[in-house]
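Thanks for sharing this one. Here are some notes to read with the model open beside you.

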Amino acid sequence: MAVLLREDLATWQRLNVTAFLVSGLGPAFPEVIGEPYEDGDGVRCLSMFRQPVLVFEGTKETLKAAHARVLSRSLPRAVFTGDLFATGNDRDNRAAVRAVRTADLDLVGLAVYGPKNAVDKVLKGARMHP
C-alpha cells in the first residue's frame, strides 16, 4: 500500500488526503485488515492495516505520470483531486471527480495497492515523504 501526495500541499491537506485515500483500501481488500486490538485491561480497539502504508511525494507531473501507470497496469487505486478541498460531503466529492475527464484531473493524491514491484513501478520518480 502506498500513497503519493503532491509536494505543494499544506500539512493539514497532506494528512487529510492520506486519511481519505487509505480509507478506501480496507473495504475493497479485507485481507489488508488485521485483528482488533485489545489492551491489558481487555478494552478493545478497532482493527488496523496489517502492513505499513508508505507515503511518497512528488510534483504535479509525477502524480500525473503515476496515475497513467496505475491505470495502464489496472491496479486498484483511489484518487483525491484539488476540487475535493471545496466540497463537504461524499456525494459532492464523487460528483466533483465525475465532472472531470481522466486526463484533466487535478490530482493531489493517489493511493495504490498491489504487488510491491508493480507499486514501485507506478511510483517511479516519487520520493519518500520526509
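**Notes on the predicted model**

1. Let me begin inside the fold. The largest cavity is lined by Lys 60, Lys 64, Leu 105, Asp 106 and Leu 107. This is a predicted model, and about 40 Å³ of space lies in that cavity. With a threshold of 30 Å³ or more, the count comes to one cavity.

2. Two of those lining residues, Lys 60 and Asp 106, deserve a second look. Their side chains meet in a salt bridge, at 3.9 Å from N to O. The pair links distant parts of the chain, 46 residues apart: Lys 60 belongs to helix 3 (residues 60-72), while Asp 106 sits in the loop between helix 4 (90-98) and strand 6 (107-112). How accessible are the partners? Asp 106 is partly exposed, with a relative accessible area of 26%, and Lys 60 is also partly exposed, at 47%. If you display the salt bridges, please keep Arg 6 and Asp 8 in view too, as a network of salt bridges links them with Lys 60 and Asp 106.

3. Which helix residue should you look at next? I would choose His 67, in helix 3. His 67 has 7% relative accessibility and so counts as buried, the cut-off being under 20%. Setting aside neighbours within four places in sequence, His 67 is in contact with Val 79, Thr 102, Leu 105, Leu 107 and Leu 110. Among these contacts, Leu 105 and Leu 107 also line the largest cavity. Helix 3 as a whole lies across strand 1 (2-6), strand 4, strand 5 and strand 6, and runs at about 40° to strand 6.

4. Now for the sheet. In what order do the strands come? Five strands form an open sheet in the order 5-6-1-4-7, with mixed pairing. Strand 5 (77-81) and strand 7 (127-128) are the edge strands, each pairing on one side only.

5. Strand 1 has a neighbour on either side in that order. With strand 4, strand 1 pairs in the parallel sense over five bridges, and Ala 2 has Leu 54 of strand 4 as a bridge partner. With strand 6, strand 1 runs antiparallel, joined by four bridges; here Leu 5 has Gly 109 as its bridge partner.

6. How well covered is strand 1? Five of its five residues are buried, making the strand mostly covered. Ala 2, Leu 4 and Arg 6 point one way, and Val 3 and Leu 5 point the other way. Arg 6 is thus worth a note of its own: this residue is buried in strand 1 and also takes part in the salt-bridge network with Asp 8, Lys 60 and Asp 106.

7. The salt bridge I would inspect with care is the one between Glu 57 and Arg 14, where the closest N and O atoms are 2.8 Å apart. Glu 57 lies in strand 4 (residues 54-58) and Arg 14 in helix 1 (residues 11-23), so the pair ties together parts that are 43 residues apart in sequence. Are the two partners buried or exposed? Glu 57 is buried, with a relative accessible area of 8%, and Arg 14 counts as buried at 13%. Glu 57 also stands opposite Arg 127 in strand 7, where strand 4 and strand 7 pair in the antiparallel sense over two bridges.

8. For another setting, turn to Arg 91 and Asp 92. These two form a salt bridge with their closest N and O atoms 3.6 Å apart. Arg 91 is exposed, with a relative accessible area of 57%, whereas Asp 92 counts as partly exposed at 29%. In total, the count comes to nine salt bridges.

9. One backbone detail to finish. Most residues other than glycine have a negative phi. Ser 74 has a phi near 55°, a positive value in a residue other than glycine. Where does Ser 74 lie? Its place is the loop between helix 3 and strand 5. At 59% relative accessibility, Ser 74 counts as exposed.

Terms used
Residues are numbered from 1 along each chain as its sequence is written. This is a predicted model: local features need pLDDT of at least 70, side-chain atom pairs count only at pLDDT 80 or more; totals for chains, interfaces and linings use all residues. Side-chain values use heavy atoms; hydrogens and water are left out. A salt bridge is a side-chain nitrogen of Lys or Arg within 4 Å of a carboxyl oxygen of Asp or Glu. Buried means under 20% relative accessible area, exposed over 50%, partly exposed in between (1.4 Å probe, protein chains only). Two strands pair if DSSP finds at least two bridges between them. Contact means heavy atoms within 4.5 Å. Axes are lines fitted to C-alpha atoms, for helices over the stretch in contact, and angles run from 0 to 180 degrees between N-to-C directions. On a 1 Å grid over the protein atoms alone, a cavity is a set of points where a 1.4 Å probe fits but cannot get out, and a pocket is an open set with protein on both sides within 12 Å along at least five of seven lines; lining residues have an atom within 4 Å of a point. Grid points are joined across faces, edges and corners, and a volume is the space filled by probe spheres set on the points.
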